[in-house]
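Work through the following exercises with the coordinates open beside you, and try each task before reading its solution.

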Amino acid sequence: MNSKKKYTLAEQFVALKKDYPEFKVRLEKNRVFCSGQLRPTARSVYYSFKLSYKVGTRPKVKITSPVLKRNFKNDKIPHVYPYNELCLYYPNYQEFNSEKLIADCIIPWTSLWLYHYENWHITGKWEGGGMHPKLKNK
């Protein structure tokens with residue numbers, strides 16, 4: 001049998017606390033919450049973020065400060081869900097699931113997203129690649 005280990009919320013919590021002691025991490029009933037600051041490069045500003053995760057759903061990451069803005073061409077911000085939640089991976093490809101740690105994937109991907117966001121402001125071109133899922137109308 002070739003089944004991979006699925007991480008519990010408690011294990012996600014412990015990994016985040018261990019790998020990112022500067023972040024505020026808390027565990028509540030069926031969710032783990034994390035907040036802190038990321039700086040993708042030495043020349044970058046510090047970005048404050050909030051993350052929430054429930055097993056079986058995609059982690060929700062939002063930049064809280066500074067506010068994400070359109071670029072000089074007034075293009076819509078690429079790779080965001082409604083309310084400017086970051087689109088960090090294509091869910092249908094299972095690039096992140098409960099067999100992976102938030103600390104190993106989502107936090108580094110958030111920093112990488114911010115790096116591409118800053119470059120998009122300079123060049124007007126999103127170099128981060130990726131696909132954005134189409135949202136179903138409700």
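The exercises below concern a predicted model, and each task is followed by a solution in steps.

**Exercise 1. Strand pairing**

Determine which strands pair with β3 and in which direction they run.

Solution. Begin with strand β2 (residues 31-38), which is joined to β3 by seven bridges, the two strands running antiparallel; within this pairing, Ser-35 stands opposite Lys-50 of β3. Turn next to strand β4 (residues 60-65), which is joined to β3 by five bridges and is likewise antiparallel to it, with Ser-65 of β4 as the bridge partner of Ser-48. Finally, inspect the hairpin of β3 and β4, where six residues lie between the strands and Gly-56 takes a positive phi near 90 degrees.

**Exercise 2. Enclosure of β3**

Explain why strand β3 can be described as largely enclosed by the rest of the structure.

Solution. Taking under 20% relative accessible area as the cut-off for a buried residue, one finds that six of the seven residues of β3 (residues 47-53) are buried, so the strand is largely enclosed by the rest of the structure. As an example of its surroundings, take Leu-51 and set aside residues up to four places away in sequence: its contacts include Val-32, Phe-33, Cys-34, Val-61, Ile-102 and Ile-107.

**Exercise 3. The nonpolar core**

Identify the residues with the most contacts inside the largest nonpolar core, and state which elements give two or more residues to this core.

Solution. The largest nonpolar core has 33 residues, and those with the most contacts inside it are Leu-16, Leu-51, Ile-102, Ile-107 and Trp-113. The elements that give two or more residues to this core are α1 (9-19), β2, β3, β4 and α2, and the largest share, six residues, comes from α2. As background, nonpolar side chains tend to be buried together in soluble globular proteins.

**Exercise 4. Cysteines**

Establish how many disulfides the whole structure contains, and explain why Cys-87 has no bond to its closest cysteine sulfur.

Solution. A search of the whole structure finds zero disulfides. For Cys-87, the closest cysteine sulfur belongs to Cys-105 and is 15 Å away, which is too far for a bond, given that a disulfide requires sulfur atoms within 2.5 Å. Cys-105 is also in no disulfide, the nearest cysteine sulfur to it being that of Cys-34, at 14 Å. Both residues count as buried, Cys-87 at 4% relative accessibility and Cys-105 at 11%.

**Exercise 5. A serine in a loop**

Decide whether Ser-98 is buried or exposed, and list its contacts beyond its neighbours in sequence.

Solution. Ser-98 lies in the loop between β4 and α2 (106-123), and its relative accessible area of 13% makes it buried. Leaving aside neighbours within four places in sequence, Ser-98 is in contact with Lys-5, Lys-6, Tyr-7, Tyr-53 and Val-55.

Key. Residues numbered from 1 in each chain as written. Predicted model: local features only at pLDDT ≥ 70, side-chain atom pairs only at ≥ 80, totals over all residues. Heavy atoms only, no water. Buried < 20%, exposed > 50% of the residue type's maximum accessible area, 1.4 Å probe, protein only. Helix = DSSP H or I, 4+ residues; strand = E, 2+ residues; numbered from the N terminus. Pairing = 2+ DSSP bridges. Contact = heavy atoms within 4.5 Å. Core = buried A, V, L, I, M, F, W, Y, C linked by side-chain atoms within 4.5 Å.
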